[in-house]
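Please look over the sequence and the model shown here before reading on. The report that follows takes up the interior, the helices, the ligand and a few single residues.

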Amino acid sequence: MAAAVVPAAGRGERLGPGAPKALRELGGAPLLVHAVRALARSRAVGLVVVVAPAEGVAEVVGLLDSHGLDGKDVRVVAGGGTRQESVRLGLAVIPPEAEIVLVHDAARPLVPVEVVDAVVGAVRSGAPAVVPAVPLADTVKRVAPGAPGRPEPVLDTPDRSTLRAVQTPQGFRRELLAEVHAKALAEQEAGGGPAVTDDAGLVEWYGGEVVVVPGHEEAFKVTRPLDLVLAEAVLARRRASDGF
Ligand code: CTP
Ligand code: MG
């Protein structure tokens, strides 16, 4: 069985003032409800653990309940101050019989089930760590951070054809993910450790192999206000095409 951890404990500062991001509405339901439904659509996923804002656990339980997502296959736990900590707290309640763990941002409400299945499939086929990703549209430049407000000198331009923008769900052998999270925490508490922004980054830091499978443009992360406008449009298009 595969189990999924859904980190949903962030504040969503880049989205601007309002409720915590995972609780913001998209087409009449909170982002995190969409994300949980997207995972539950996969036959491979047997348990979803939602990691809620620490002060919002009861509210999240209520929201899942009112959207018909209560039950033994969805659990809610309190999150932490960083995404890494929230994922670790979610992982801690995954039962040992789940050999595969997915980590999926609540902020990616529209991920197609095909992406979820492709990630699980790649882990089942033997890859210990799998990330969905898409090619970049923009050219990317590395800069030397300068004084605030001053133009930044460009250092170089990586070859775009070798770059990928990484999405979620990311999939792992459960023991590997638990091990890299424990190791990273121990080193961070000793003043070192990795500074990474995704779970696969922890595996890379640990020296493990990570592979990429095709992601999907609709698995984008709702980060800034414009992303919410795009998400509403994608959802409206889906609902219109489902109606015909
Ligand atoms: N997340 C979490 N716990 C945290 C921080 C983030 O569970 N302490 C989750 C968010 O809820 C989100 C996912 O990690 O689903 C991806 O993070 P991001 O897009 O950065 O969301 P926020 O941290 O909420 O947004 P921002 O960085 O703009 O404040
Ligand atoms: Mg964040």
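Helices (H or I, at least four residues) and strands (E, at least two) are DSSP runs, numbered from the N terminus. The place of Ala127, for instance, is in the loop between α4 and β7. This is a predicted model, in which local features need pLDDT of at least 70 and side-chain atom pairs count only at pLDDT 80 or more, while totals for chains, interfaces and linings use all residues. Residues are numbered from 1 along each chain as its sequence is written, chains are lettered from A and ligands numbered from 1 in the order in which they are written, and side-chain values use heavy atoms, with hydrogens and water left out.

**The interior**

A residue is called buried under 20% relative accessible area, exposed over 50%, and partly exposed in between (1.4 Å probe, protein chains only). A nonpolar core is a set of buried Ala, Val, Leu, Ile, Met, Phe, Trp, Tyr and Cys residues joined through side-chain atoms within 4.5 Å. The largest such core has 36 residues, and those touching the most other members are Leu32, Val36, Val48, Val50, Val60, Leu64 and Leu102. Among the elements that give two or more residues to this core are β1 (2-7), α1 (31-40), β4 (45-52) and α2 (57-66), and α4 gives the most, with 6 residues. Another core, of 22 residues, lies apart from it and includes Val51, Val87, Val180 and Leu202.

With contact taken as heavy atoms within 4.5 Å, Val60 is in contact with Leu23, Leu32, Val50, Ala52, Pro53 and Val76, if its neighbours within four places in sequence are left aside.

**Two helices**

In α1, 8 of the 10 residues are buried, so this helix is largely enclosed by the rest of the structure; among the buried ones are Leu31, Leu32, His34 and Val36.

Helix α5 (residues 174-189) has 16 residues, and its expected span is 22 Å, where that span is 1.5 Å times one less than the number of residues. The end C-alpha atoms of α5 are 23 Å apart, which agrees with the expected value. Its buried residues are Arg174, Leu176, Leu177, Val180, His181 and Ala184. They fall within an arc of 165° seen down the axis, so they line one face of the helix, the arc being that of the directions from the helix axis to the C-beta atoms. What covers these buried residues includes α3 (83-91), β6, β7 (129-135), β11 (170-173) and α6 (199-206).

**The ligand**

Which residues are closest to ligand 1? Of the 18 residues that surround it, the closest are Pro7, Gly12, Glu13, Ser86 and Lys221, a residue being near when one of its heavy atoms lies within 4 Å. The table gives polar contacts, which are pairs of N or O atoms within 3.5 Å; within protein, one must be able to donate a hydrogen and the other to accept it, and residues adjacent in sequence count only if both atoms are side-chain atoms.

| Backbone N or O atom of | Atom of ligand 1 | Distance |
|---|---|---|
| Pro7 | oxygen | 2.8 Å |
| Arg11 | oxygen | 3.2 Å |
| Gly80 | nitrogen | 3.0 Å |

**Residues in loops**

Arg108, in the loop between β6 and α4, counts as buried at 8% relative accessibility. Ala127 is also buried, with a relative accessible area of 15%, and its C-alpha lies 7.5 Å from that of Val210, although the two are 83 residues apart in sequence. Finally, the peptide bond from Thr168 to Pro169 is cis, with omega near 5°, and Pro169 is found in the loop between β10 (164-166) and β11.
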